[in-house]
Amino acid sequence: MSIWQPKSHENSLKLLLKDIPDCNWAPYIEMAVGGLTEVAFSRNYNHLLLIISSSGRGVLDCLSGEIIARDYEEYGNWYDSVGLTCAGIGPLSGEILSIAGLCGGGLPMYNRYGESLERVSPEWPLEMLIWCRLANDYFRCVSFSWDGELIISATSSDITVWKRQG
């Protein structure tokens, strides 16, 4: 049995991460969202993202960067933190979405191209999102869209959407 030595493991992980290649994903949308708690991609409209925050819900069109629906109800029967679902608004009305964020959850970490996202924490609580070293932050959620064409990373204060290039 060996004694764990955090510095040597931390340095080894940093060295491995340093060699991750560049990729064909680029930041497409970056926006501030105060008090973000969860996010959810629509299964019906892969480019629409439901954002849940301490001041209600919004629907982001990840292709145009526009907020296309908004409400200001903080919490209601539309939100289920145990079942990890939320009712949509605007163009997502009638859809129950799987959420991920502060309360847990699960959105796609793999896509149809065989790519996967990984969250690692060599400098915990700061996490690194890797497929090809995309970002460092204090993440609430990272995910592919259901069709695998977009990647989202969300913190308590902002959202970044990556789009496949080429």
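1. In this predicted model, V120 stands opposite M128 in β12. A further facing pair is R119 and L129, the latter again in β12. Strand β11, residues 118-123, runs antiparallel to β12, and four bridges join the two. The connection from β11 to β12 is a hairpin through two residues.

2. On the β13 side, β12 pairs with residues 135-137, again in the antiparallel sense, over three bridges. Here E127 is placed opposite D137 of β13.

3. Taken together, the three strands make an open sheet with the order β11-β12-β13 and antiparallel pairing. The edge positions belong to β11 and β13; each has a single partner strand, so one side of each is left without a neighbour in the sheet. Averaged over neighbouring strands and ignoring direction, the turn of one strand against the next is 30°.

4. Is β12 largely enclosed or not, and why? Four of the five residues in 126-130 are buried, so the strand is largely enclosed by the rest of the structure. As a general point on reading such strands, side chains in a regular strand alternate between the two faces of the sheet.

5. The nonpolar interior should be described separately. The largest nonpolar core has 17 residues, and those with the most contacts inside it are L36, V39, L49, I51, C62, I159 and V161. Two or more residues of this core come from each of β2 (36-41), β3 (48-53), β15 (150-155) and β16 (158-164). A second, separate core holds 13 residues, among them A40, Y79, L92 and I99.

6. I159 deserves its own entry. With neighbours within four places in sequence left aside, the contacts of I159 are I29, E30, M31, V33, L36, V39, L49, I51, I152, S153 and A154. L36, V39, L49 and I51, which appear among these contacts, are also listed with I159 among the residues with the most contacts inside the largest core.

7. Strand β16 also contains R164. Is R164 buried or exposed? R164 has a relative accessible area of 16%, and the cut-off for buried is under 20%, so R164 counts as buried. Its side chain makes a polar contact with the side chain of E115, at 2.8 Å. Not counting residues up to four places away in sequence, R164 touches N24, W25, N111, Y113, E115, G148 and E149. E115 is thus named both as a residue that R164 touches and as the partner in the side-chain polar contact.

Conventions
Residues are numbered from 1 along each chain as its sequence is written. This is a predicted model: local features need pLDDT of at least 70, side-chain atom pairs count only at pLDDT 80 or more; totals for chains, interfaces and linings use all residues. Side-chain values use heavy atoms; hydrogens and water are left out. Buried means under 20% relative accessible area, exposed over 50%, partly exposed in between (1.4 Å probe, protein chains only). Two strands pair if DSSP finds at least two bridges between them. Axes are lines fitted to C-alpha atoms, for helices over the stretch in contact, and angles run from 0 to 180 degrees between N-to-C directions. A nonpolar core is a set of buried Ala, Val, Leu, Ile, Met, Phe, Trp, Tyr and Cys residues joined through side-chain atoms within 4.5 Å. Contact means heavy atoms within 4.5 Å. A polar contact is a pair of N or O atoms within 3.5 Å; within protein, one must be able to donate a hydrogen and the other to accept it, and residues adjacent in sequence count only if both atoms are side-chain atoms.
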